[in-house]
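Trainee: Got a minute to look at a model with me? I'd like to talk through the sheet and then the ligand site.

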Amino acid sequence: MGAAIMRLSGSEHAALVKAGIAGDAVVCEQFDAMTVASWRRCFSGYGLDPIDAPDPVVVPRADLRERQEQSCRLLEIARHEMSDLYQQLAGSGHAIILTDREGVLLNYIGDPIFTDTAANVRLQTGAVWDERTQGTNAIGTCLVEKKPLVVHKTAHYLLRNARLTCAAAPILDPHGNLLAILDASSEAELAQKHTMVLLNMSAQMIENRVFFCAMKEAYVFRCHSRAEFIGTLGEGLVAFTPDGRVLAANRSAIFQMGLDAPQRIVGREIQELFAISLPMLLERAHSQSCPAFPIIETRSERRFFAKVQAPEKGTARTRATASRHRPRPAIQKAPDSRAPFERLHLGDPRMQRNIETVTKVLGRDLPCLLLGETGVGKDVFARAMHQASARRDRPFVALNCASLPESLIESELFGYRPGAFTGASRDGSRGKILQADGGTLFLDEIGDMPIDLQARLLQVLEDRRVVPLGGETPIPVSIQLISATHRDVRALIAEGRFREDLYYRINGISIQIPPLRDRRDRRELILALTREESGDGIEIEWEAEALERMLAYPWPGNLRQLRNILRAATALCEDQRIRTRDLPEEIRYPERAPDRHDRSARGLGTLAIAEREALLELLEDARWNVSRVAKNLGLSRNTLYRRMKRYGIEPAR
Ligand SMILES: Nc1ncnc2c1ncn2[C@@H]1O[C@H](COP(=O)(O)OP(=O)(O)OP(=O)(O)O)[C@@H](O)[C@H]1O
């Protein structure tokens, strides 16, 4: 990239930008047309000086809070994808950012090593990053171009931003309008080649989830020209009413149908677009199991495969009308409380036992505490518990106690009356506990809940009534409480950071989710997740050595890390075969990785690994009764504990 890589002085940078604007052939060859067009806008449209620009703009706190509230569904949906993407790029000095459609940063998850640089250029929540304020930059230029792009180093119009590399992708709403921008930024030296691929996938994932969420009262026609792509990121989605009127379509559907905007089909009849009658479509939507069926798209006469999804249960508007079209009323089957747990393990005995335990107590409203390292699947387990319970048609409401600023947790949890504090929304807010009424409240990272709030939560759990901020009348509430933490709560209690009485309240039953390195179904999980990430019908093979390395790796980031690595590997591999070179460095060269998990199997020789596996097996067989295993082996309990510690095996709690 020549000049784009060098660090330029102020006058050199200004000269470069001016030359580009004037159409200098050498400069225009180095920078793409989109960058040069943006420079021209910044210069003539916004009157910005590349060197002497006005200070960055940060909106007032109350404005930010209002914007966050307006986008609260989006923020909730995006949070998981953002933290997954952050984990994927972990250690590479990146920040993952979500902005609204005006370029105001709503959420920021950043690597601590990037904090100083980010603070210097005001890459922080509340800051405005449109072109008018910050010149050519990934967020601002993506707002204009509405397509994924990277702005690298001196392609930034303002000199003060020229040490950054930023990639941005738009997120569209179901009607094709710009909703938000997802961005990954870092110091230019730390730019990673795969960032754009991963960022795009995350943006698309968020976009599809926004689609399903906005269209949950509608039927959704899911299609692709290849059956195995249904259910993957690339599937086409068309939402329609029980009367067959098209409400919205996602980007992939529009692209596959050869159209340029959802408006081309919105308002038309779905049976006009695809050669199938409406009653037949609705029947397929309501049948218990309906594999993808072939269907002809009428305009192009191309063959697609499709599935139809009925509106989410309990979304009243469609239920009554839908029933008119149903040829046979669906027989309501008694809920199978084990089904939602099925995908949680592929033969791991500890997970199996966890599920057995939980299934026994479901319906008794016992508060449940999920323990386990970060990324082991506590959130997924909590959602499965909700789905398996009689409360599954009621809301599942999650609150991450670690990701909200301390000042917001209280209002998020308990809600507030109109005008309860400066910046509060005029209509007040119900708060998570009341939102979860009749359903499940999932308090993630409960170990991070501020101690003052713990007393209030305890009171709600004891009284089963909530008093919103600024209110006086208690409101009765019925919730199934599930809490989760990766922390050692007993240690927190000993340090005075967690109330013992609250611990006993939330811990009606505790479930220890095993780390991936100790799971016996690792191989099966890797293969199953490879299939999930690549799309059902696509057979991606594993080179034997690559798979061995995956199995030997200690997985400090657990299932989240595994999923992210597979997502990247399936996207990057050639000839549908994952080879060692498709795996990240920490798996290819584990010996170079920082010692993040000294309690794991990493660093053990082959013999020791075999001994560790054998020990794990004995412990499993004895249901983790350490005394029994010690006796069988002729060892003292202490010797066995020492050996377990050496092999990184944690006793089951
Ligand atoms: N049984 C599973 N099969 C496949 N993927 C899973 C499974 N459990 C979890 N995952 C994936 O692993 C990732 C992390 O899961 P989850 O958020 O539930 O973990 P967690 O323990 O709650 O993490 P944290 O402690 O950071 O909140 C998610 O991407 C999820 O999809």
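Mentor: Sure, let's take the sheet and then the ligand. Keep in mind that this is a predicted model.

Trainee: OK, what's the strand order in the sheet?

Mentor: The order is S2-S1-S5-S4-S3, five strands in an open sheet with antiparallel pairing.

Trainee: And which strands stand at the edges?

Mentor: Strand S2 (105–110) and strand S3 (149–152). Each has a single partner strand, so one side of each is left without a neighbour in the sheet. From one strand to the next, the twist averages 20°.

Trainee: How many bridges join S1 to S2?

Mentor: Five, with S1 covering residues 95–99 and running antiparallel to S2. If you want a pair to look at, isoleucine 96 is opposite isoleucine 109 in S2.

Trainee: Which helix packs on the sheet?

Mentor: Helix H5, residues 72–88. H5 touches S1, S2 and strand S5 (178–187), and its direction makes about 25° with that of S2.

Trainee: Switching to the ligand, how many residues surround it?

Mentor: There are 18, and the closest are Gly377, Lys378, Asp379, Leu559 and Arg560. Helix H15 (378–388) and helix H23 (558–572) are the elements that give two or more residues to that shell.

Trainee: What's the shell like by class?

Mentor: Seven charged, six nonpolar and five polar residues.

Trainee: Last one: where does the ligand lie relative to the domains?

Mentor: Between domain 3 (339–512) and domain 4 (516–589), because both give residues to the shell around the ligand.

Conventions:
Residues are numbered from 1 along each chain as its sequence is written. This is a predicted model: local features need pLDDT of at least 70, side-chain atom pairs count only at pLDDT 80 or more; totals for chains, interfaces and linings use all residues. Two strands pair if DSSP finds at least two bridges between them. Helices (H or I, at least four residues) and strands (E, at least two) are DSSP runs, numbered from the N terminus. Axes are lines fitted to C-alpha atoms, for helices over the stretch in contact, and angles run from 0 to 180 degrees between N-to-C directions. Two residues are in contact if their C-beta atoms, placed from the backbone, lie within 7 Å. A residue is near a molecule or strand if its C-beta atom, placed from the backbone, lies within 6 Å of it. Ala, Val, Leu, Ile, Met, Phe, Trp, Tyr, Cys and Pro count as nonpolar, Asp, Glu, Lys and Arg as charged, and the others, Gly among them, as polar. Domain bounds come from an automatic or database domain assignment.
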